[in-house]
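Welcome! Take a look at the structure below, and then let's walk through it together, one topic at a time.

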Amino acid sequence: MAYVDGFLLPVPTKNLAAYRKVSRQAGKLWMEYGALAYTECVADDLDDERRAMFARSVKLKPDETLVFSWILYKSRAERNRINKKVAADPRLKAPEAMPFDMKRMVWGGFKTLVQL
């Protein structure tokens, strides 16, 4: 079954274009090394109390946009192999000023329970 790395991160709204540029470059590397999908989404509907937990988990500020991202892999072993290659690739270098606060990002790896 597939394996997913999932991410929530706060991006200052003024930095969304810079974040998109960094994300596109990173996504191309993950896909080149074998990820099945690389997806970045911006929050659009967090108005009620239950959905607001997403924003609270990263201490989202009023001038920030919540980004929800995931990378899909064939398996956890493939994820480990791919992430090792991506981390070693000299094309993946952090910009001088990251367009978001990495300390407030939350992430985790997830085994697939149901896949249709």
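Let's begin with one pair of side chains: those of Thr-65 and Thr-13 make a polar contact at 2.8 Å. A polar contact is a pair of N or O atoms within 3.5 Å; within protein, one must be able to donate a hydrogen and the other to accept it, and residues adjacent in sequence count only if both atoms are side-chain atoms. Please keep in mind that this is a predicted model, where local features need pLDDT of at least 70 and side-chain atom pairs count only at pLDDT 80 or more, while totals for chains, interfaces and linings use all residues. Residues are numbered from 1 along each chain as its sequence is written, and side-chain values use heavy atoms, with hydrogens and water left out.

**Around Thr-65**

- Thr-65 sits in strand E3, which covers residues 64-73. Helices (H or I, at least four residues) and strands (E, at least two) are DSSP runs, numbered from the N terminus.
- Is Thr-65 buried or exposed? Thr-65 counts as buried because its relative accessibility is 13%; buried means under 20% relative accessible area, exposed over 50%, and partly exposed in between (1.4 Å probe, protein chains only).
- Not counting residues up to four places away in sequence, Thr-65 touches Leu-9, Pro-10, Val-11, Thr-13, Leu-16, Val-42 and Leu-60. Contact here means heavy atoms within 4.5 Å.

**The sheet and its helices**

- Four strands make up an open sheet in the order E2-E3-E1-E4, with antiparallel pairing. Two strands pair if DSSP finds at least two bridges between them.
- Strand E2 (37-42) and E4 stand at the edges with a single partner strand each, so one side of each has no neighbour in the sheet.
- On average, neighbouring strands of this sheet are turned by 15° against each other, direction ignored. Axes are lines fitted to C-alpha atoms, for helices over the stretch in contact, and angles run from 0 to 180 degrees between N-to-C directions.
- How many bridges join E2 to E3? Six bridges join these antiparallel strands, and Thr-39 has Trp-70 in E3 as its bridge partner.
- Strands of a sheet pair through backbone hydrogen bonds, either parallel or antiparallel.
- H1 lies across E1, E2 and E3, and runs at about 165° to E2.
- H3 lies across E1, E3 and E4, and runs at about 50° to E1.

**Salt bridges**

- The count comes to six salt bridges, where a salt bridge is a side-chain nitrogen of Lys or Arg within 4 Å of a carboxyl oxygen of Asp or Glu.
- One of them joins the side chains of Asp-5 and Arg-79 (3.0 Å, N to O). Asp-5 lies in strand E1 (residues 3-12) and Arg-79 in helix H3 (residues 76-88), so this pair ties together parts that are 74 residues apart in sequence.
- Both partners count as buried: Asp-5 has 7% relative accessibility, and Arg-79 has 14%.
- Arg-91 and Glu-32 also meet through their side chains in a salt bridge (2.8 Å, N to O). This pair links distant parts of the chain, 59 residues apart: Arg-91 is in the loop between H3 and strand E4 (106-111), and Glu-32 is in helix H1 (residues 16-32).
- Arg-91 forms a salt bridge with Asp-89 as well, with the closest N and O atoms 2.7 Å apart. Salt bridges that share partners thus join Glu-32, Asp-89 and Arg-91 into one network.
- Within that network, Glu-32 is partly exposed at 49% relative accessible area, whereas Asp-89 is buried at 6%.

**The nonpolar core**

- Which residues touch the most other members of the largest nonpolar core? Of its 15 residues, they are Leu-9, Val-11, Tyr-19, Trp-30, Ile-71, Tyr-73 and Phe-100.
- E1, H1, E3 and H3 each supply at least two residues of this core, and E1 gives the most, with four.
- A nonpolar core is a set of buried Ala, Val, Leu, Ile, Met, Phe, Trp, Tyr and Cys residues joined through side-chain atoms within 4.5 Å.
- Leaving aside neighbours within four places in sequence, Ile-71 is in contact with Tyr-3, Val-4, Asp-5, Phe-7, Trp-30, Ala-35, Ala-37 and Tyr-38.

**An exposed loop residue**

- Lys-59 lies in the loop between helix H2 (52-57) and E3, and is exposed with a relative accessible area of 63%.
- The phi of Lys-59 is near 55°, a positive value in a residue other than glycine.
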